[in-house]
Structures are given as C-alpha cells and as structure tokens.
Amino acid sequence: SYYLQTVDIDLNASNGQSWTPIGKYGSSYGTGLSLKYDGGGHTIGNVSIEPTSTYYGIFATLTCPYSGYAKGEVSNLTVVYNQQADITATTLQAGGIAAVGGTFTNCAVYDFKLTNLKLSNTSYIGGICGKIEYTQDIDSCSVYNMQITNSTISITYIGGISGGSDN
C-alpha cells in the first residue's frame, strides 16, 4: 500500500491526546506493515505516544518475520514531539518514527524525549528507529534534541539514529 501525506498533521497532544502506534509485532499479532508512506515534505506535529506502549513511535513495526518479512518504507517526513514521554514498560522498542524499522529516507525527528524509564529487559531506542531488522536502510535522516533522562536502564541499546540492527 502507498500513502502520500498532502498536508501537515497536528496530533493535538497539547490537549492530553495520545497516539497509539500503527501496527503490532509478534506471532500473536502477525502484522508488520508493508506500506510505503511518503510524508510529501510535511510534518506530523504535537506527537505524544501512549505511555504504556511497548513499541513506541508513529509506527509500531515496519518489518516483521511473522508476516512474510514485511518491509515498510517511510520517506520525506518530519515528526515533532511536544512533550517528554513517561513510559511504564519494562522492555521497549522506541523510535521517533518506528519502533521496529523498515527503510527511512529523508526523514527528521525533533524533540524525542523519554523520561522515567525503568527498563529491565533488552530494549532498543533510536531517534528514527528503535531497531532495524532484515536489511533495511536509513538514508539522509536527522534527529534533533533526543533525550533520555531520569531513567534506570539495563541491557538497552541506544543510538541517535537507531538503537541497534540485526544486519
């Protein structure tokens, strides 16, 4: 499926609204998104993700071995977060665009801030994508003002663009 964003989108997090990431991961869910999402140079702004999400981002997963190795793509998109996320999960895949990633081209993320994490299991956190799987790529992408504060973290992989890769 191909999607083209034609206007800026305001997710209105300033009114206490939170976004639930699109897609799920794992054999019990069986979904990975094989979409091509072209942001058209537009912005998704005022983002706040549901604080109980284990897969944290606009998209939960753009790749998944349980769905025939779905390989989603995101391009030409800017995402702006409006507040720090206070996440209650003990394990986390988190990215400014996707938790578990596909291919990203010409994307930017601003103000991706996580706080009060209490991660005791293997986790991946990155500004664009938490974890890259199955030979996906990140090209011409930027992250501005990513912060992790006041957190207890063990066995966690953190990177400015991606927290880790299976490649």
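Which residue in β14 is the bridge partner of A85? The legends below address this and related views.

This is a predicted model, in which local features need pLDDT of at least 70 and side-chain atom pairs count only at pLDDT 80 or more, while totals for chains, interfaces and linings use all residues. Residues are numbered from 1 along each chain as its sequence is written, and side-chain values use heavy atoms, with hydrogens and water left out.

**View 1. Strands β9, β14 and β20 form an open, parallel sheet in the order β9-β14-β20.** β9 (85–86) and β20 (147–149) are the edge strands; each has a single partner strand, so one side of each lacks a neighbour in the sheet. Strands are DSSP runs of E of at least two residues, numbered from the N terminus, and two of them pair if DSSP finds at least two bridges between them. Two bridges join β9 to β14 (residues 113–115) in the parallel sense. The bridge partner of A85 in β14 is L114.

**View 2. Four strands make up an open sheet with parallel pairing, ordered β4-β10-β16-β22.** Here β4 (55–56) and β22 (156–159) stand at the edges with a single partner strand each, so one side of each is without a neighbour in the sheet. Parallel pairing of β4 with β10 (residues 93–95) runs over two bridges. Within β10, A94 is the bridge partner of Y56.

**View 3. C107 and C141 are not joined by a disulfide.** A disulfide is a pair of cysteine sulfur atoms within 2.5 Å, and the structure holds zero. The sulfur of C107 lies 4.5 Å from that of C141, its closest cysteine sulfur, which is too far for a bond. C107 is buried (under 20% relative accessible area, 1.4 Å probe, protein chains only), at 3% relative accessibility. C141 is also buried, at 15%.

Technical notes. Buried < 20%, exposed > 50% of the residue type's maximum accessible area, 1.4 Å probe, protein only.
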